[in-house]
Amino acid sequence: MLDRAAELFESTGTLGNAQCVRFLCTDVTDLKPYQGPFDAAVFNDTLATEHDSAVAIRAATLLCRPGSTVVVSQRLDDPGTALPSMDVAEYIADLPLEAAAVAVDGKTMDGEGGVAAAKTASGARTEDCCGGSCWTFEVPPLYAMRNKVEMRAPVVSGFGRGSRQMGVPTANMDPAVLAAELSGMRRGVYFGFARLPDDTDQSAWEKCVINVGQRPTFADGDGVTIEVHVLKDFTRDFYGETMECVALGYLRPEMKFAGLSQLVGRIMTDIGLARNALDAECFTRAVVDGQNV
Ligand code: ADP
Ligand code: MG
């Protein structure tokens with residue numbers, strides 16, 4: 001199939017045979033970030049039989065640029081064969097994906113129109129005539145969330161995980177006063193703006209990256225941590241002070257890394273993605289005018 005596809009292009013080298021087009025026969029989990037980002041990912045009757053379906057769709061999603069499309073097309077009732085078990089809703093629950101607008105019978109169905117379709121797989125699903133299903137998702141442009149989350153809480157001590165030693169101090173917001181805000185949030189990495197409203201020198205909104213983490217339950221909060229790395233050099237600590245933070249975009253789920261250097265590398269990627277996205281005027285307006293993006 002790759003050879004046939006390559007025939008549509010003039011030369012058939014492995015690199016750059018047409019501008020931005022390359023043909024690789026590989027597993028999606030073996031692709032490296034520098035081989036992306038991609039404009040679309042399509043699982044054509046393959047997701048259910050992946051070694052680990054959740055890992056595969058996560059890998060593909062994280063290689064896709066904002067505004068790109070992720071499609072899962074799967075035959076689910078092939079007579080005579082065992083039904084593959086597949087829970088797309090569960091796989092995508094913590095991924096930066098939204099139900100996309102899909103065309104059905106010439107009409108455009110807005111994924112948002114369905115009941116609670118946002119973020120749910122059901123809003124993205126269409127059936128085809130031969131027992132197959134197709135889910136169409138979008139990585140939101142600029143990773144923007146449909147609904148921003150506003151948080152206000154005192155900065156508490158962290159857990160000595162050494163954020164500062166990694167060059168990324170994280171102000172831990174008190175989870176005990178943010179239970180309501182946290183209930184609707186996925187565990188993962190967000191970005192937005194933060195400020196210290198009570199400090200007249202630091203009361204301007206600054207870009208930030210926010211990690212909402214789950215850790216084994218201890219006495220405090222709900223076993224959830226909210227850590228805010230502000231992209232600004234404060235030159236001092238501000239434990240005990242009130243911090244305000246507005247989460248506007250969602251980048252990725254909580255992930256396990258093979259080692260510290262991989263973790264720090266991904267944090268630097270998160271910071272770069274956040275810094276770029278937050279230059280967009282819609283985010284500044286969202287925080288200044290108090291509207292959604
Ligand atoms: P802890 O484990 O106590 O959270 P960290 O190493 O994560 O310690 O450092 C976080 C503290 O560093 C914050 O509570 C805050 O007082 C201070 N700090 C200074 N600059 C920043 C910044 N740019 N972003 C977040 N925290 C900062
Ligand atoms: Mg911290």
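Guide: A polar contact here is a pair of N or O atoms within 3.5 Å. Keep in mind that this is a predicted model.

Visitor: What makes K232 a polar contact of ligand 1?

Guide: A polar backbone atom of K232 sits 2.9 Å from a nitrogen atom of the ligand. The cut-off is 3.5 Å, so the pair counts.

Visitor: Which atoms of R164 and Y239 lie by an oxygen atom of ligand 1?

Guide: For R164, a backbone N or O atom, 3.1 Å away. For Y239, a polar side-chain atom, at 2.7 Å. Both values fall within 3.5 Å, so these are polar contacts too.

Visitor: How much of ligand 1 does the protein cover?

Guide: On its own the ligand has 560 Å² of accessible area, and the protein covers 92% of that. As for the shell, β9 (171-173) and β12 (224-230) are the elements that each give two or more residues to it.

Visitor: What is the make-up of that shell?

Guide: Nine nonpolar residues, six polar and four charged. Of the 19 residues around the ligand, the closest are G158, N172, K232, F238 and Y239.

Visitor: Why are T170 and N172 called donors of the magnesium ion (ligand 2)?

Guide: T170 offers O and OG1, N172 offers OD1, and these atoms lie 2.2 to 2.3 Å from the ion. Donors must be within 2.8 Å, so they qualify.

Visitor: Is N172 buried or exposed, and what about T170?

Guide: N172 has a relative accessible area of 6%, under the 20% limit, so it is buried. T170, at 24%, falls between 20% and 50%, so T170 is partly exposed.

Definitions and conventions:
Residues are numbered from 1 along each chain as its sequence is written. Chains are lettered from A and ligands numbered from 1 in the order in which they are written. This is a predicted model: local features need pLDDT of at least 70, side-chain atom pairs count only at pLDDT 80 or more; totals for chains, interfaces and linings use all residues. Side-chain values use heavy atoms; hydrogens and water are left out. Donors are N, O and S atoms within 2.8 Å of the metal (3.2 Å for Na, K and Ca); water is not among the atoms, so sites may look incomplete. Buried means under 20% relative accessible area, exposed over 50%, partly exposed in between (1.4 Å probe, protein chains only). A residue is near a molecule or strand if one of its heavy atoms lies within 4 Å of it. A polar contact is a pair of N or O atoms within 3.5 Å; within protein, one must be able to donate a hydrogen and the other to accept it, and residues adjacent in sequence count only if both atoms are side-chain atoms. Accessible areas come from the Shrake-Rupley method with a 1.4 Å probe; for residues, only the protein chains shown count as cover. Helices (H or I, at least four residues) and strands (E, at least two) are DSSP runs, numbered from the N terminus. Ala, Val, Leu, Ile, Met, Phe, Trp, Tyr, Cys and Pro count as nonpolar, Asp, Glu, Lys and Arg as charged, and the others, Gly among them, as polar.
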